[in-house]
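Thanks for sharing this one. Here are my notes, point by point, with the structure placed first so that you can follow along.

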Amino acid sequence: MDPLLEFQQHLTRRHFLGATGVGMGSLAMAGLLGDSMAVADTTSHFTPRAKRIIYIHLAGSPPQHDLLDPKPVLKELDGKPCPDSIFEKERFAFIKGHPKVLASPYEFKQHGESGTEFSELLPNLSSVADDLTVIRSMHTDEFNHAPAQLFLLTGSPRFGRPSVGSWLTWGLGSEASNLPGFVVLVSGGKAPSAGKSAWGSGFLPSVHQGVQCRNGPDPVLYLNDPHGMDRDMRRLSLDALKDLNEAALASHGDPETRTRIDQFELAFKMQMSVPDVVDLGQESATTLEMYGAKPGGSSFANNCLQARRLAERGVRFVQLFDWGWDTHGTGPHDDIVTQLPLKCRQVDQPIAALIKDLKQRGMLEDTLVVVSGEFGRTAMNEERNGSKFLGRDHHPHCFSIIMAGGGMKPGHVHGRTDDMGYAVVENPVHVHDLQATVLHAMGLDHERFTYRYQGREFRLTDVHGRVVHDLFA
Amino acid sequence: MLVIQTAILLSGFWATPAQEPVSFDRQIRPLLASRCILCHGNAEESRKADLRLDTRDGLMSAMRRGGTVVVPGDPDSSGLFQRVSTDDISRRMPPADEGHPPLSQQEIELLRRWIQEGAEWEQHWAWLPPVAEPLEAAGGHPIDVLVNTRLQSSNLTASPRASRATLLRRASLDLLGLPPSPESIAAFEEDQEPDAWDRQIDQLLNSPHFGERWARVWLDHARYADTRGYEKDFDRTIWPWRDWVIDAINDDMPFDQFTIEQIAGDLLPEATDDQVLATAFHRNTMNNDEGGTDDEEFRVAAVVDRTNTTMQAWMGLTISCAQCHDHPSDPFTQQEYYGLYAMLNQTQDADRNDEQPLLSVLSSRDRGLLNNVKSSRAMIEQKIIDKLEGLNPEQPFIVESFGEPRDQYWIDDETPVGAKINEADGMPWPWQSADEEIPALSGELIHLGTASGAGIVRQQYFESAWLPLVIKPGDRLVAHAWLDPDNPPDQVMIQFHLPNDWEHRIFWGADHVVWGQLNTTSRHRAGDLPALGEWVRLEFDPAVVGLAPGDAIDGWAFTQAGGRMAWDAAGVVRADPIESGPLHSLQAFEVAQNQLAQSFMQPDIIEIIRKPRGERTGDEQKKLESWYLRNVQLEARAAVADELASLKELEENETVINARAVSVPVMRAMSPEMERTTRLLNRGSFLDPGDEIQPHFPALLHATESESPDRLDLARWLVSRDNPLTARVHVNRTWERLFGRGLVETSEDFGTQGDRATHPELLDWLAVQFMEQGWSHKELCRLIVTSDVYQRSSIPVEGVRERDPENRLMAYAPRVRLEAEAIRDQALSVSGLLDPALHGPPVYPDQPPGLWQVTYDNRDWPQGPDRARHRRGLYTFWRRSSPYPSMTTFDAPSREVCTVRRIQTNTPLQALVTLNDPVYQEAAKALAARMIHEGGPSTSDQISRGFELVLGRSPDTQELDRLVRLAAEAAARYRDDVQMRDELLAKWPGETPSLIDPADLAALAVVGNVLLNLDETLTRG
């Protein structure tokens, strides 16, 4: 057999059948990447509800009993040893001995027409209750921060898998011209426990990793021209670079060189487009006030507003991380009496503002907003080393999250936990189910949305997960 | 463009000549593997209809509902063919209702033909050992023969040899990760000898940078990082292992040995420290030091990672899925997974925060220094032996009384023979020369001490002198002290040691030191602090410290509370000479020893002494005599005083060097009684252990003799001549580095789901050659780079790219973008900034501030001028949770798990790095300085020189003109805008070149930046 033909057959099987089915997403991406091979060969599997996602991760994990999952029964049990049945079979991260029940010190009330209950710590979110979907029946397999964050965001508690944002930009490309398709915004002064793997691309091409957009003068690393080189000078030098590269291309014809020439031009454009998108000063005073954002500053509120600006420009996936939610109660810096209200004040208004803002701009229907931690917290007081501060330990069996927009059923509460808020008793939603549902909202079938690596098809949902259709309007 | 290419390829597919018999392994297995095997494969749990198509038996078996899967020669009776070709959608495979598209007409036709032709079955190529087909006596380099045959049969014309400049740059970047200098290129261009290329390659293979470049490749496999991963991501000291890899590669350690030492060096008989250090390979797994974690959970995670990494890095197998269930496509069961796991499950490490077990190791530089010390010491020792030879162990000594009591010093310029000094910290006695401030009271040396603060106790002491000071009736004890008038201590104390206690103390001044009981012999106050700024005599009756005649003082302590003070000459006041006989005469020494109740001497010597002379062997007597001369006798020690002083100096050096040792996590086997029972983990969960599993190898692969194989057996199994994969995988890995793509493109997967080799005969020939040439990586590199195929031009001959767009037949050399580290290294190298030092702790080049936002920790990237900022990228501190940003932008992995292949991307963020990262700015400026210093007076010559430095070739007229134009445009702008000019010139690396208009200098820096960003610069052509 002609060996070339043999290779071509081989190519046909392994690459081209896929790559020629270049989807809309990859065409959209082609501007930014230039390299269409780096993008999945999927178009959407079905009509998407959402075109983009703003994913707010409250790193450390907020306590559901104090915010979203009211448990009046705990009031009667407060301070008493928890039932033996709970204590005996459990592995805790920090709790030692027989823990005591901790009732929430906060009041819950029903809000909006839907009557969804929210804690008094979330007055602003309460005001948009009818736009929110609350899942009270989330559960996970992990109860240490880094593995649980990885599990939630990459589908595996160990390192090496792509994060959900990478999956989506790989699969759908980006509609943003001159901006990365996956942007990460971090607040609270610390990165999440899982580090940059929380927005890593794993085995997907590294172009799909999240690009961290930072506060300050260099929002994307190395964005600014160096001292002593203004825009005109940069243009002069890029013109020379382009001419030389074009001449080289003419002699050897390597298509990668064509791509590289384009990437330099795109970089030049990004140097304009990124500072423009991060300039919150362009927002009206009313908008700034609604979010509680301050141009030039650094805060979760700024990041929420930033997220909207990025979403507006077609960025596929905006990932927010806010640090400081690990409320163990070892001191006032991490308890539910001092720290938790402080954190709530920082996020309640901006998240509510984001929902309202998206809605008033007509973007909420095709923007999915998710707000979650990586696991739940216990119904019991942790009392580490006899601490007198109130706090809750890590808890994998149930937690609550908020979703909004992107085709979610508004004003809806999904799932139920037992009276202790200890385990899910109705409509459990596993982390893999959430992932399947998020992909579904984006028009992707999580079972067919695969990447071949090391000889097997990998999925965000591993071999698990089911779409929670009940969540969709 | 893609669409057009595909059209050509598909038409090529149709044109397959009908007479070629279908190959099961090449054509049918891949088809089954991609379309059928996930449901009808190896994994029993997920197997549907009890049908498996991954084995011969399965294909030839009866079907559950009647019929046979494959009836050779009869497609229409074959269930397989019926089910894929039927029009009945409800029966058709793969099932449409699960969203699978049907097989294409071509695929169905292929299956039909295969069955028609007799359904010949073949084993998956990678499970069979490589066989080197004897090459026809075609002549020429075997690689060329194997590649060219295929080119010819495809009618593709190979490109001619590349220019010498291109070739040397290519080989240098490929083999060293660094570009050649223009001078070495010029020398190569002028070298007319036929072996010019061979000699260039020799030079490259012998460069110490060779080890750095290939270590880089191995570090990705080994998931090497300088931190432990997960939330806390604490620092980990494991760089000595990285240096071990560099050295092993530079020494061309055979790959089989390289393997054995890393997997099981600690289990080798009489393992050296280096061999144990090698095992740090598998201590690169992550530790989870997060609060509230279960150490066993993450220990298991580490062993799982080791199992996966071992099979991945050495054998290109992806067995990680068998952790939870049987491998779906390759013939490995979950049982077999845990069989391998069991061999790696017997090490002591257990996700502990202290990273135990650790090995104390020195950097290779320090080890070199230590070796020097060792050889100097051996030389001096020999000299001592020679000098002592023939000296008489019996020298005369005085026994007559002085008549009057007089000072006789036991401690003066040296401590008594055999004294063990400061056991707690092991530091030597701080003798120092007397000077004008504090003249010696006796002899030449004093010992001076400063307490670290007011009231802080400082003490200097020894014990276990071989010849104790035995108290006689009428003795008084004496010592001399000098107290600093500007910083006197509050208290001065002397203590004495008898064989079993220190409870004999006397002090002057304040009562700070509370040992013993005040006003008893264990803490006797002799009076106020003595005079300051002069030597004072401290003399007292032994009785006040509870010493009586016959007591043998073997130790003495000098103590102070706060302040600064010196001590000198201490001993006894006595009329008879203190027994100096033992210091001159061996016989006297023996008598003295035999009188002591307790001896502190080394056991073998005291054993000889305890024997009557007549009962000793000749050897024993000789040993005793030379020991005595060397260690005790004053005359003999005076004869070798210089040598002893040199030895002491060497010892001190050694102490200093050894203090620089670092502790590296390594593998250590559990002791047999502590060995763990390995159980299969259901669904891979450590909380759900199943059946006990004995260590064993997968049945499909070669066997070993060991009944119960351990880690060492695993290591040997990996590099056994029978292993079908290890050599192929290494050869492929090397080919991938040299050609941008492996012969097997999926270098991480040699299983049935991976790609086949483009040139299977070549892969096998190289694998066999590699093993037969002693697993030499350098020889393998030499073999490849001396082929014509390697040396081809990267410009395809007209029409070739269209016919073979991915260049799979290698008609021309690939153009490959440099790896992350090489891009930076090259910029530093061509600009003259590179610090070429090898080895050592990781370094912190400039990184934008604020990138490390570590949870529960305020560690930050060290900033500041005094860092090694220009070392090769290989040495950059690698933090897993926040890897060095420009590296990840250029596709470096995070090093959390084994990465065999870096997938290359081409993005605008990369352009931003090379345009704006300060290190490239710095390099552009340094390059501008070189242009001026090396290029001559004209701008054109200067730019031409810059071009040569960066690209290793001269610019053509068009290129030069374009850059000269840029320089002129830039200079004009900088002349107009002096402020911008000065901003650019600020922070100039080194001295700003004079004799040039600052605007022209700034313009050259702009040109330098363009040169460093050229596609040709970033690419090896």
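Which residue takes a positive phi in the hairpin of β3(A) and β4(A)?

1. G112(A) does, with a phi near 65°, and the hairpin has four residues between its strands. Strand β3 (residues 108-111) and strand β4 (residues 116-119) of chain A run antiparallel and are joined by four bridges. One of the facing pairs is F108(A) with S119(A) of β4(A). Strands here are DSSP runs of E with at least two residues, helices are runs of H or I with at least four, and both are numbered from the N terminus. Two strands pair if DSSP finds at least two bridges between them.

2. Before going on, a word on the basis: this is a predicted model, where local features need pLDDT of at least 70, side-chain atom pairs count only at pLDDT 80 or more, and totals for chains, interfaces and linings use all residues. Residues are numbered from 1 along each chain as its sequence is written, with chains lettered from A and ligands numbered from 1 in the order in which they are written.

3. Chain A also has an open sheet of three strands, ordered β2-β10-β11 with antiparallel pairing. Its edge strands, β2 (100-101) and β11 (392-395), each pair on one side only. Three bridges join β10 (residues 376-381) to β11(A), and R377(A) stands opposite H394(A).

4. In chain B, helix α35 (residues 998-1013) passes a simple length check: at 1.5 Å a residue its 16 residues should span 22 Å (1.5 Å times one less than the number of residues), and the end C-alpha atoms are 23 Å apart, which agrees. Of those 16 residues, 15 are buried (20 or more other C-beta atoms within 10 Å of the residue's own, with C-beta atoms placed from the backbone).

5. The largest nonpolar core (buried Ala, Val, Leu, Ile, Met, Phe, Trp, Tyr and Cys residues joined through C-beta atoms within 7 Å) has 308 residues. Those touching the most other members include V318(A), V370(A), A1003(B) and V1007(B). Helix α35(B) gives the largest share, 11 residues. Domain 2 (164-206) and domain 5 (916-1020) of chain B both contribute, so the core lies between them; these bounds come from an automatic or database domain assignment. A second, separate core of 56 residues includes I438(B), L483(B), F496(B) and F589(B).

6. Finally, a distance to keep in view: the C-alpha centres of domain 1 and domain 5 of chain B lie 64 Å apart.

Definitions and conventions
A residue is buried if 20 or more other C-beta atoms lie within 10 Å of its own, exposed if 12 or fewer, and partly exposed in between; C-beta atoms are placed from the backbone.
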